[in-house]
Amino acid sequence: MIAGLVEAAARETAHGELVEHLRSLLRLRTVNPPGDEILAARHLADVLVGEGLRPEVVEPEPGRGSVVARLRGDGTGGGPLLLLSHTDVVPAPQERWTHDPFGGDVADGYAWGRGAVDMKAMVAMELETILLLARAAHAVGRDPASDPVPGLRRDVIFAATADEETGGHLGAGWLVDHRPDLVRADGALNEAGGFTVELFGRRFYPIQVAEKGYLVYRIVVRGSWGHGSVPRDDNAAVLAAGVIERLALPGAQRVTPLMAEAIERVAATLPAGRGETLRHVLHRDPRVAEAAVESLCQPPLSRGLRALLRDTTSPTVVHAGVAHNVIPGCAELIVDCRILPGTDEEAMTAELRRRIGEELWARCDIEVTARGAPVEQPAAGALWDTIVAALTAHDPAAVVVPLMAPFATDAKHTVRLGIPTHGFSPLRLGPQDPFLQLFHGDDERVGLDALRFGLPVLAEVVARYCG
Ligand SMILES: [Zn+2]
């Protein structure tokens, strides 16, 4: 029954519904901060109630809502599958956009809006999958709020959560800590993978199994106050510039086992010569490795790969000075550090000290203001195998590779419950489709054809894993 969850004849109808759900979500201003995800939680709950489900909305702080709904299987297939997403988005400066970031426009083959790729498209795909399952129960006279869905051997949980963009502590993290009964599962599908990356004529689909951790440092550089007319060496703005310059240099490369595996899988599929060049990424000589990274010939990919091969330090906020004629006696820096699996806070702080140097370090007061641990899971297991099988059934040329995300996702919360969590929001992109640069970027949009491919693939993963 559910194997044909999205039969060809019904696909266009389901796709049309999916696009309308996505547009409704894009019109909700769930910008974090402050969040207001309760708008999305209540909206989604209404849609789910309309299909006969009994969703639960949780709101740990006013406005910070998440919604969870469960479809029942007969329990003979194992623990639940969690369809996880977040409904919050980052701000969108309207003046840099060609479409209203909260208008839900559809134009030129795309749905436009803040959150189109990060990650309301996946919210809508997961929602549509749940709705199709609920209707499969209705079709045989069952109540989807309580009866097993025909053909489902595991429960399927839908969780659209708050607060991912600022750490997830009021969303997925809160559910894991306070309501694990709602989300405990044998596997989870989440963002950060499943989209096409074309490279030298091959179509790769990275699936996230790992992610870097983060440490946010606040560094206060101490100098001396003085009159602007008389320059002095311990001007805190000048000292801070020295700190920034040293932190902005790329650190030493370190290849984690997962990255070595990913590079080898890609290299083995590339045309001869190209593959050999890519393998040089693993070379001991940093100049040879850097030339191999450069050989990808796509600057966004090269930048992403560089970030995945080292702990990174990005100075992101700089404050100094009170008036044009006053030499500042202190300056404040915020440094966004992203750490590989295997690097901890002590090691990162030691690295900052080494790079800043003892003389400047003595002038710095340092504190960590936010932290999240790295995640690394094997590219293996029942859910991984299911994803590979479903993807290659829909795109026989697909080459699936394990991915480490350079950024953080809610996976760092779900793995605390031991839930294997894969970044898999299936979207078939064309070679010219912008994508990676649209995350948090201007004119964020998702291709309608990408969604037309994605929904049946997602539905098939659910059907295969839970059927
Ligand atoms: Zn996201």
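Q: Let's start with one side chain. Which residues does F453 touch, not counting those up to four places away in sequence?

A: Contacts like these show which parts of a chain come together. In this predicted model, F453 touches H394, P426, L427 and R428. F453 itself is found in helix 15 (residues 448-466). Take P426 as an example: 27 residues separate it from F453 along the chain, yet their C-alpha atoms are separated by 7.6 Å.

Q: Is F453 buried, exposed or partly exposed?

A: Count the neighbours. F453 has 19 other C-beta atoms within 10 Å, and a residue needs 20 or more to be called buried, so F453 is partly exposed.

Q: How do I read the two sides of a helix, say helix 2? Which of its residues are buried?

A: List the buried positions, then look down the axis. Helix 2 covers residues 38-50, and its buried residues are I38, A40, A41, L44, A45 and L48. Seen down the axis, these fall within an arc of 155°, so they line one face of the helix. The face turned away from that buried side carries the exposed residues D46 and G50.

Q: What span does helix 2 reach, and what comes just after it?

A: Compare the end-to-end distance with the expected one. Helix 2 has 13 residues and reaches 18 Å from first C-alpha to last, close to the 18 Å expected at 1.5 Å a residue. Just past its end, G52 takes a positive phi of about 90°.

Q: Now the interior. How many residues are in the largest nonpolar core, and which have the most contacts inside it?

A: In soluble globular proteins, nonpolar side chains tend to be buried together. Here the largest nonpolar core has 107 residues, and L82, A121, V156 and A159 have the most contacts inside it. Helix 3 (residues 116-139) supplies the largest share of this core, 16 residues. The core also draws at least three residues from each of domain 1 and domain 2. Another core, of 21 residues, lies apart from it, with L215, I219, C337 and I339 among its members.

Q: And how are the domains laid out? Where are their bounds, and how many residues does each give to the contact?

A: Begin with the assignment, then turn to the interface. Domain 1 is 2-200 + 376-466 and domain 2 is 213-372, with C-alpha centres 32 Å apart. The contact takes 15 residues from domain 1 and 20 residues from domain 2. On the domain 1 side, strand 17 (residues 398-405) gives the largest share, five residues. That side divides into eleven nonpolar, two polar and two charged residues.

How values were computed
Residues are numbered from 1 along each chain as its sequence is written. This is a predicted model: local features need pLDDT of at least 70, side-chain atom pairs count only at pLDDT 80 or more; totals for chains, interfaces and linings use all residues. Helices (H or I, at least four residues) and strands (E, at least two) are DSSP runs, numbered from the N terminus. The expected span of a helix is 1.5 Å times one less than its number of residues. A residue is buried if 20 or more other C-beta atoms lie within 10 Å of its own, exposed if 12 or fewer, and partly exposed in between; C-beta atoms are placed from the backbone. The arc is that of the directions from the helix axis to the C-beta atoms. A nonpolar core is a set of buried Ala, Val, Leu, Ile, Met, Phe, Trp, Tyr and Cys residues joined through C-beta atoms within 7 Å. Domain bounds come from an automatic or database domain assignment. Two residues are in contact if their C-beta atoms, placed from the backbone, lie within 7 Å. Ala, Val, Leu, Ile, Met, Phe, Trp, Tyr, Cys and Pro count as nonpolar, Asp, Glu, Lys and Arg as charged, and the others, Gly among them, as polar.
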